[in-house]
Amino acid sequence: MHAHLPPRNVLKLSGYFAFLYLYHGVTAIRDMGDVDNTSVAAARSGIESGAFPGPRIFSCGPFVAGAQPIRWPNTLVIHEPAAAEAIAAQIKSDGHMCIKSYEDLTVPKLEALKVAARKHGLTLAGHVPTPLGYEEALVPDVQHFFGVPPPESLERDHILDRTAEWRAVDETRLDEIVRVTLEHGIVNTPTLVSTHQLLLYRNYQAARQSIPARLLPRLYADVAWHPSEGMAFWRGVEDYLDRIEDSSAKKQKLLLRLYQAGAKLQLGTDPQQPFVAPGWSLQEEMRVFETAGIPIEAIWRMATSQAAGTLGIADLGRLERGAPADLLVFERDPTRDLDALDSLLAVIAGGRLYRRADLDAALREYQNHYRTGIVDAVSIPATRMTLKKTFLRNY
């Protein structure tokens with residue numbers, strides 16, 4: 001419920017990302033922001049044409065921000081609340097199912113976007129802007145637990161501070177977040193795995209050999225995720241590791257309290273963030289939820305029928321006659337023990353059968369292609385250049 005796809009480029013990563021979702025048993029994703037307006041189109045066209053297999057794709061389209069300068073190329077700026085109607089109409093017309101609310105939005109602009117989203121049958125999902133608290137923004141579907149730390153407790157408007165700086169989040173604040181969530185029916189997609197994976201920077205060289213690093217081309221671990229030369233907004237992460245560990249523990253505590261209070265929670269992962277690989281990361285998010293104390297049966301409900309309901313396909317995620325044929329076949333029962341996720345024997349997506357042996361063979365082919373000297377020679381310098389052009393503003 002919080003996925004991302006790579007932009008269209010000469011490396012043709014769309015097919016590989018789509019495959020990795022299926023390989024790990026993910027048959028539907030909600031793309032939460034297309035950075036340059038090519039990612040979703042490239043994946044959808046490839047899947048629909050049969051060029052490569054992939055999951056069902058639901059999308060939010062562009063980021064909707066409240067001011068300049070923008071942070072990503074594919075961003076719509078809402079200059080005044082009255083513009084919300086036109087923005088929602090455009091997003092609906094372009095075939096998206098949600099509006100990705102982003103940064104620099106004021107309360108009046110957020111309120112206008114909520115009204116416009118409801119009118120056009122869209123979900124408003126996204127960030128709580130840095131200057132606003134969770135209870136001020138009241139974003140219907142909050143991502144990453146943003147807004148939980150009081151805004152005045154953050155030293156700067158930056159992703160590292162927003163992810164790691166939870167020292168001001170005490171028991172009283174947790175109680176307040178639970179109260180507001182229930183009172184306003186807020187849904188949370190916390191993407192806890194993306195916080196947890198940052199702790200791998202305690203040993204970056206070892207992290208380069210981790211499963212997500214080995215799944216993806218070297219341009220990710222060696223360039224994009226490099227602690228001093230990679231994505232600008234994660235540079236300096238080593239100085240935040242103790243705070244990240246503290247925030248990770250508090251996020252799990254909040255997660256359990258919300259679950260016990262009956263709040264709606266969703267599984268999402270924010271792929272392409274450091275050491276967060278598509279597909280694999282959803283299985284890890286499920287394990288983090290279990291570690292926090294959420295029962296396995298509830299986790300599977302979130303991962304299947306509940307998510308399908310949010311995406312608007314009532315029978316998706318159910319085993320019953322007439323339901324969409326998206327099925328997973330396991331050797332052992334993962335509804336009793338999540339370790340059994342490793343026993344996946346087959347994926348059936350849209351009625352098409354993909355056996356384990358065929359999936360493993362395809363994975364080897366992809367890795368033989370993407371982890372070669374030729375691809376490295378082209379992709380690594382190209383990625384360094386792309387990083388400078390894509391991130392228009394420090395996060």
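1. Let me start with the sulfur chemistry: the torsion about the S-S bond of Cys 60 and Cys 98 is about -95°, so the disulfide is left-handed. In this predicted model, the two sulfur atoms are placed 1.8 Å from each other. The count of disulfides comes to one. As for where the partners sit, Cys 60 is in the loop between strand 2 (56-59) and strand 3 (63-65), while Cys 98 belongs to strand 5 (residues 98-101), so the bond ties together parts that are 38 residues apart in sequence. Both Cys 60 and Cys 98 are buried.

2. Thr 75 makes a nice stop after that. Thr 75 is found in strand 4 (residues 75-77), and its relative accessibility of 15% makes it buried, because the cut-off for that word is under 20%. What does the side chain of Thr 75 have at 2.7 Å from one of its polar atoms? The partner is the backbone oxygen of Trp 72. If neighbours within four places in sequence are set aside, Thr 75 is in contact with Phe 63, Ala 65 and Ile 70.

3. On to the salt bridges, of which the count comes to 24. One of them pairs the side chains of Glu 165 and Arg 243, at 3.3 Å from N to O. Glu 165 lies in the loop between helix 6 (159-164) and helix 7 (171-184), and Arg 243 lies in helix 12 (residues 241-261), so this pair ties together parts that are 78 residues apart in sequence. Are these charged partners buried or exposed? Glu 165 is buried, with a relative accessible area of 5%, and Arg 243 also counts as buried, at 19% relative accessibility.

4. Glu 183 and Arg 179 offer a local case, with their side chains meeting in a salt bridge at 2.7 Å, N to O. The two are four residues apart in helix 7, which means that about one helical turn separates them. Glu 183 is exposed, with a relative accessible area of 53%, whereas Arg 179 is partly exposed at 40%.

5. Another bridge worth a look joins Arg 202 and Glu 245, whose closest N and O atoms are 2.9 Å apart. Arg 202 comes from the loop between helix 8 (192-196) and helix 9 (204-207) and Glu 245 from helix 12, so the pair ties together parts that are 43 residues apart in sequence. Both ends count as partly exposed: Arg 202 has 46% relative accessibility and Glu 245 has 43%. There is also a network, in which salt bridges with shared partners join Glu 171, Asp 175, Lys 253 and Arg 257.

6. Helix 15 (residues 356-370) is a good one to view down its axis. Its 15 residues reach 21 Å from the first C-alpha to the last, close to the 21 Å expected at 1.5 Å a residue. Which residues of helix 15 are buried? They are Arg 356, Leu 359, Leu 363, Tyr 366 and Tyr 370. Seen along the axis of helix 15, these buried residues fall within an arc of 85°, so they line one face of the helix. The face turned away from the buried side carries the exposed residues Ala 357, Asp 358, Glu 365 and Asn 368.

7. Finally, a glycine to click on. Gly 351 sits in the loop between strand 10 (344-349) and strand 11 (352-355), and is partly exposed, with a relative accessible area of 49%. The C-alpha atoms of Gly 351 and Leu 327 are separated by 8.4 Å, and the two residues are 24 residues apart along the chain.

Definitions and conventions:
Residues are numbered from 1 along each chain as its sequence is written. This is a predicted model: local features need pLDDT of at least 70, side-chain atom pairs count only at pLDDT 80 or more; totals for chains, interfaces and linings use all residues. Side-chain values use heavy atoms; hydrogens and water are left out. Buried means under 20% relative accessible area, exposed over 50%, partly exposed in between (1.4 Å probe, protein chains only). A polar contact is a pair of N or O atoms within 3.5 Å; within protein, one must be able to donate a hydrogen and the other to accept it, and residues adjacent in sequence count only if both atoms are side-chain atoms. Contact means heavy atoms within 4.5 Å. A disulfide is a pair of cysteine sulfur atoms within 2.5 Å. The expected span of a helix is 1.5 Å times one less than its number of residues. The arc is that of the directions from the helix axis to the C-beta atoms. A salt bridge is a side-chain nitrogen of Lys or Arg within 4 Å of a carboxyl oxygen of Asp or Glu.
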